[in-house]
Amino acid sequence: MNPLALTASGAAMAALAGVALVVLLYLLKPPLRRFIVPSSLIWDRVLKQTHAGKDRVRWWLSVLLAALTAVAVIIAIARPQLIPTGASGGKLILVLDNSPTMATRATDGATRWDHAVSRARAILQSHSAGTRVWLADTMRRVASPGFEDRDAAIERLAALRVAHGGAPRVPLPPAGGDDGADDAEIVVISDGVQLAGVPREARVESVFEPVQNAGITAFELRPLPADPRRVQAFVEVTNGGGATKQIALALTGVAGRRIARKLEVTAASARAELIDVSDFEGGPIRASILMAGDGLAADDVAYAWLPMRRVVRVNLVSEGNPWLEKALRAQPRVLLAVMAPARYADSRDADAWVFDRYAPRTPPAAPSLLFRPTRADWLPPQSGELANPVISAWDASHPLLENISLDDLFVERAQKTSARKDGGDTVLVAAAGNAPLAWVHEQGTRRVAIGFALEQSNFALHAAFPVFLNNALNWMVNEPTLIKAGLGTMELPLAAARVVAADGAELPARPIPGGSLVEMTAPGFYTAVSAQQRLRITVNVLDRKTTEVNKSGLKPMAADPAAALSAQQSARPDPWLLLLLGAALLLAFEWWGWNRRVTL
C-alpha cells in the first residue's frame, strides 16, 4: 500500500494545482534586457517578418506540454483510489483455515499458517480498494461483522491465529440483501487436512506440503490392579509421516526423575508403550518426543498427574457390609483394612476411616466417612428417625457430589438429625422440610456423615456410588480435583478463578455465570485457584487427527504462492509506471520542439 495514496478528488485537486502553477510560471515575464546597437535596420527587418499569432500558438503548446507533464507526475506519485471508498468494486468472501494442523512447519521454515496469511494478504491487495470483503476463519474466532473495505480487512487479518477446540468449517454470510453472499467471489485458503464441507463455488488455495511429523496421541497413568502402589504410564506415539522413523521418548518428573527410550515407528502407524513410573515422586509427569524434521510442535509433549498419595490406607469399621467392602476394594488407590467395632482403636497409620453403623466415642485423628453412625458427642445430635424421606435438594457444586445425580436415590429409613452450623457442619443432601440426610464437616479434620445405612437405600446399587467414594476419599485426604482438557477455550466451575501455569505465568480468565472462561493455548500443567477450591488441569493435544498432518486431499502448494501471485501481478503493466514513462516522453517531445523552434 502507498502511504501517500490520495482519493480521486484529492488527486484531481493536486493535478489542478500543478496546472495552475505551470500556467503562473509561464505568465511570469522575465525583465526586459536593453542592448545598444549602432543601427536598427536589421531589427526593423526582423520585426517585419515576425508573426505574433504564430508565437502565441507556440506559447500555448509549451504550456500544454508542461501542464500534461506535471499532471502525469503528480498522479503517478499520489496513486489515487480509482474507485472511491464505499463504491462498488465487487464482493470477496475470504476464509482462512486456522485449524490445528495449520501450525505445521513447512520445509522453508515457515508454517502453513504463515503461507496462508501471506497468500490472503496478496489476494486482498490484488483487488481494487473499493472491493467489499467478508473475512472469516474456520474456527470462528474472528469474523467481519459484514462486508467491509479491503484495507479494513487487511488490518483485521493481523488478528487471526491458529486455534484449537471444535471442528473447522467454512462460515458464510447469509444470502440476500446488500451484505449478502450473492454474486460474491469465495476464496478458501487451507491445507485440506481437517477442513471439510467447502462450498462448490469456492476457489480453494492450497498451502499443503507433505512433511514428517510424530506426536503423542495417548498418555495416561494407571495403577496396577494387583498392587495400587505400582503405577504404569501408558504412552502412544503416532508417526504421521511417510517413512519409518526413530523417535526418542522421555518421561520427566519432579526432582529430576527421567526415563528415556528409543522407539522405531513405521509410517502412518502408532506404537504403545507401558513404562513403570512407580519410583517417581507425586506430581506432574511430562512426556516428550524428539524426531528429526518434526513438523508440528504442539503434539510433541503431554502431561499427566501422579497423585501425591500413591495409596490411601483406609480402615473400614463394620459388623459386615459386603457392598461397601467390595466398592472400597475396587478403588484403585485404596489399601483396605477391615475390622469389627469391638476391635477399633485409633491409629496414626490410617489415612482415612470408614464407619458403617458405628461411631467411636472420640473423633479419629484421620478424616472419616460415616454411614448411619451411632450417637456420639462429636457428631450432630439425633432426634429420631425419618421414614421414606424424599430427596428435595443437594449441593451439586460440592466436590463430593461432582458428576453425581441423586434423582433416583431411594431411602427407606434415615436418622433425624440437626446439623450444627456453628460447629462447621454443612448440609450436603436434604429431604423434604430441610431434614439433613448427609452433611460434611470442613473445620479441622474433615468428615462426611450419611444419615442412612446402605442396606436401607439403593445408593450402593447406583453406578455413581463408586464415583462418590472416590470423591469422598479425594476430598478427605485433600487431593485437589484433576481436570483433563484439550487446547482451546474451556469453562472452569470456579468463580473468579486464577489460572497459573507451571512456570508461574497467569492466563487471563474471564468471569461467566457460575464459573470462569479461559483459553488454553499450549500443552502444559495448570492450577486453577478460587477462594473455595483448587483444581489441577492437564492440557494436552492427544489427537490423531492433528498428528496426521499429511492426510489432505489438496495438491501441494507452489514453492512460494505469494511470490507466484506477485510475479503474476508484475507481469501486468503498472499504470503508475506508465504515467511516469508518459511524463518522460512529454519532456523529450518538449525538448525536441524547443530545439526545432516549435515551442517557446
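# Loops, helices and sheets of a predicted model

Visitor: In which loop does Arg 140 lie?
Guide: Arg 140 belongs to a loop that is bounded by two strands, where strands are DSSP runs of E of at least two residues, helices are runs of H or I of at least four, and both are numbered from the N terminus. The loop is the one between strand 2 (132-137) and strand 3 (148-149).

Visitor: What is the phi of Arg 140?
Guide: This is a predicted model, in which local features need pLDDT of at least 70 and side-chain atom pairs count only at pLDDT 80 or more, whereas totals for chains, interfaces and linings use all residues. Residues are numbered from 1 along each chain as its sequence is written, and side-chain values use heavy atoms, with hydrogens and water left out. Most residues other than glycine have a negative phi. Arg 140, although not a glycine, has a positive phi, with a value near 60 degrees.

Visitor: Is Arg 372 buried or exposed?
Guide: Arg 372 sits in the loop between strand 16 (368-371) and strand 17 (382-387), and its phi is also positive, near 40 degrees. Buried means under 20% relative accessible area, exposed means over 50%, and partly exposed lies in between (1.4 Å probe, protein chains only). With 37%, Arg 140 is therefore partly exposed, whereas Arg 372, at 17% relative accessibility, counts as buried.

Visitor: How are helix 4 and helix 5 oriented to each other?
Guide: The axes of helix 4 (residues 112-126) and helix 5 (residues 150-157) come within 10 Å and cross at roughly 170 degrees, with axes fitted to C-alpha atoms over the stretch in contact and angles running from 0 to 180 degrees between N-to-C directions. Angles over 145 degrees count as roughly antiparallel. The two helices, helix 4 and helix 5, are therefore roughly antiparallel.

Visitor: How do the residues of the contact of helix 4 with helix 5 divide?
Guide: Contact means heavy atoms within 4.5 Å, and the residues that make it include Val 117 and Leu 124 of helix 4 and Ile 154 and Leu 157 of helix 5. Ala, Val, Leu, Ile, Met, Phe, Trp, Tyr, Cys and Pro count as nonpolar, Asp, Glu, Lys and Arg as charged, and the others, Gly among them, as polar. The contact divides into six nonpolar, one polar and two charged.

Visitor: Which side chains does a polar contact of 2.8 Å join?
Guide: Thr 217, in strand 6 (residues 214-223), is buried, with a relative accessible area of 9%. A polar contact is a pair of N or O atoms within 3.5 Å, one able to donate a hydrogen and the other to accept it within protein, and residues adjacent in sequence count only if both atoms are side-chain atoms. One such contact, of 2.6 Å, joins the side chains of Thr 217 and Glu 236. The polar contact of 2.8 Å joins those of Thr 217 and Thr 238.

Visitor: Which residue is the bridge partner of Thr 252 in strand 11?
Guide: Strand 8 (residues 245-252) and strand 11 (residues 283-290) run antiparallel and are joined by five bridges, where strands pair if DSSP finds at least two bridges between them. Within strand 11, the partner of Thr 252 is Arg 286.

Visitor: Which strands stand at the edges of the open sheet of five strands?
Guide: The open sheet has mixed pairing and the order 23-30-29-25-26. Each edge strand has a single partner, so one side of it is left without a neighbour in the sheet. The edges are strand 23 (481-486) and strand 26 (506-507).

Notes: Parallel < 35°, antiparallel > 145°, perpendicular 65-115°, else oblique.
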